[in-house]
Each structure stands twice: as structure tokens, then as C-alpha cells.
Amino acid sequence: RTPMWVRYLTVGFFIFTWKWSYYSPNTLKHLFLYKKKLGKGSVFPKDDSPITLPDVFEFAIKGNMGPLIEVSRVMLPVLFLHLLALPLVFYCLGMQRIAWNLLINLVLADLFSNMHSFMVIVPNHTGHDVYRFDSEVEAKSDEFFLRAVIGSVNYATGSDMNDYIYGWLNYQIEHHLWPDMSMSAYQRAQPMVKQICEKHGVPYVQESCLLRVKKTVDIMVGKASMKNWERGD
């Protein structure tokens, strides 16, 4: 059994690196799976399970170098240009102190960016009061719209500045109801959606971002579990 402090440490690592360790390799995997549907080959596993950077290295150890090669083609140029190129220029010009300070600031900025995007995106679908689904459903059916509500979470809404800080992802419920709706329309639709859900007894979860992060971490370390639709929770 993994000690709880190790679990929290692992979660912290993923929070501050999640665009590199999860979002990028997982997005790349689904791009290749989409290409496979078009008749092209894929070096990634065919299932829909998420893939992380540690998984990519594990595949390489087991002899499947394809995912590591493709992830490297995407990540390494961005890593160099985003974090190393500018400090390297100052270093080569003999301004080593400026170069190191610049590198430290860029790394800290990247860690903060990862943390911010994690806090805004991940807790929107996680928590002991949110449903997860093991089966597919017909798009735009009654159950599709129900799942969009009970499988998503909103943060504070209704303010232009607040919405800008969250990148309008604080309207996650409305986003999954109408993915093609403009961001400005979410602010107008949200009160009506919430009122309809309250009228018909449909759970509409809306809480602060920090509280949702806590509930997400509880799921990740195994202190809580999500509701399961197929299980009838």
C-alpha cells in the first residue's frame, strides 16, 4: 500500500507539470487514434485510457519506442524554445547571471501556468459528488444532456473579470450542454440552466475553485471516490 505522503507528493508533481506529464502526451495519443480511424497507423495503445509521460517511458522500456519518439518530436522543440533559448542567448553573450535568473523565472512561470491550468480544468469533472460514466450515450439525447450536468462542475460565474481569469471554463456545465455556444452566451444561459435543474431536482454543482481542487486531490490520493452512473449511485 502506497504511503499517503507519497500519494500527495505524486499529485503535487502532476499538478505542477500536468501539461507536460499528462495533457500533451494524452492529446497526442488521441490525435493518433483519430488518424487511425482515417486509415493511418498509430504507435499508441488503442484503448481510451489516459496516457501520461511515465507511461510513455514504460512503453519504451518494454520495447515500444514509438510513443516516446512522437512525444519527443512535440515536446523537445517547445521545451527548448520556451525555457532554454532566451537564457542561452544571454549566457553566450557572457551575461551568465542574467541567464540563470531568466531561466529560473521561466521555470517558475511554467510551474505556475501548469498549476493554474490544472486548477481551472481538472476539478471541473472530479469529486465525490460528481458522476463518472463507463458507457457511451447518443449525442444530444435526453441522457446526454443529463450527463452533461451531473458529470460537470461550475465555479463562480456572472462576472466578466472572473470569467476571464477562468478562461470561461467556470461554465463547464453549459459548455458540455452546448459546446458550440459562444463564451459570452454562457453567462446569460447559466442562471436559466441552474433554475431548470433546481426545478426538476437535477444536481447542479457549483462551488469555489479551491474547494473543488481539494475534492479532486481527495479522489487522486484515494480518500474519496466518484459516483458511478452505471452502478446506480
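# Salt bridges and two buried loop residues

Guide: The side chains of Asp233 and Arg231 meet in a salt bridge, at 2.6 Å from N to O, and like everything else here this comes from a predicted model.

Visitor: Are those two buried or exposed?

Guide: Asp233 is partly exposed, with a relative accessible area of 39%, while Arg231 is exposed, at 52%.

Visitor: How many salt bridges turn up in the whole structure?

Guide: A search of the whole structure finds 11, and one of them joins the side chains of Glu230 and Arg147, at 3.7 Å from N to O. That pair links distant parts of the chain, with Glu230 in the segment after β2 (227-228) and Arg147 in helix α5, 83 residues apart.

Visitor: And how accessible is each partner there?

Guide: Glu230 has a relative accessibility of 36% and so counts as partly exposed, whereas Arg147, at 9%, counts as buried because that value is under 20%.

Visitor: Which residues make up a network of salt bridges?

Guide: Asp129, Glu207, Arg212 and Lys215 are linked in such a network. Within this group, the side chains of Glu207 and Arg212 meet in a salt bridge at 2.7 Å, N to O. Glu207 is partly exposed at 24% relative accessibility, and Arg212 is buried, with a relative accessible area of 0%.

Visitor: Changing topic, what does Val205 touch beyond its sequence neighbours?

Guide: Leaving aside neighbours within four places in sequence, Val205 is in contact with Asp129, Ser152, Val153, Asn154, Ile173 and Arg212, and two of these, Asp129 and Arg212, also belong to the salt-bridge network. Val205 itself is found in the loop between α8 (183-200) and α9 (209-221).

Visitor: Is Val205 buried or exposed, given that it sits in a loop?

Guide: Val205 is buried, with a relative accessible area of 14%. For a sense of distance across the model, the C-alpha atoms of Val205 and Pro87 are separated by 45 Å, and these residues are 118 apart along the chain.

Visitor: Ser152 was on that contact list, so where does Ser152 lie?

Guide: Ser152 lies in the loop between α5 (142-150) and α6 (160-165), and is buried, with a relative accessible area of 2%. A polar atom of the Ser152 side chain lies 2.9 Å from the backbone oxygen of Ala148.

Visitor: What else is Ser152 in contact with?

Guide: Apart from neighbours within four places in sequence, Ser152 is in contact with Asn124, His125, Val130, Gln172, Ile173, His176 and Val205. Ile173 also appears among the contacts of Val205.

Visitor: Stepping back, what order do the elements run in?

Guide: From the N terminus on, they run α-α-α-α-β-α-α-α-α-α-β, which amounts to nine helices and two strands. The C-alpha trace spans about 65 × 45 × 40 Å along its principal axes.

Visitor: How much of the chain is buried, and what does the exposed surface consist of?

Guide: Buried residues make up 35% of the 233 residues in the protein chain. The chain exposes about 14300 Å², and carbon and sulfur atoms supply 65% of that area.

Visitor: What share of the contacts is between residues 24 or more positions apart?

Guide: Of the contacts with a separation of 6 or more, 59% are between residues 24 or more positions apart.

Visitor: Last one, how many charged side chains of each sign are there?

Guide: The protein chain has 24 positive and 21 negative side chains, and the centres of the two sets lie 5 Å apart.

Methods. Residues are numbered from 1 along each chain as its sequence is written. This is a predicted model: local features need pLDDT of at least 70, side-chain atom pairs count only at pLDDT 80 or more; totals for chains, interfaces and linings use all residues. Side-chain values use heavy atoms; hydrogens and water are left out. Helices (H or I, at least four residues) and strands (E, at least two) are DSSP runs, numbered from the N terminus. Buried means under 20% relative accessible area, exposed over 50%, partly exposed in between (1.4 Å probe, protein chains only). A polar contact is a pair of N or O atoms within 3.5 Å; within protein, one must be able to donate a hydrogen and the other to accept it, and residues adjacent in sequence count only if both atoms are side-chain atoms. Contact means heavy atoms within 4.5 Å. Accessible areas come from the Shrake-Rupley method with a 1.4 Å probe; for residues, only the protein chains shown count as cover. Lys and Arg count as positive and Asp and Glu as negative; His and the chain ends are not counted. The place of a charge is taken as NZ of Lys, CZ of Arg, CG of Asp or CD of Glu. A salt bridge is a side-chain nitrogen of Lys or Arg within 4 Å of a carboxyl oxygen of Asp or Glu.
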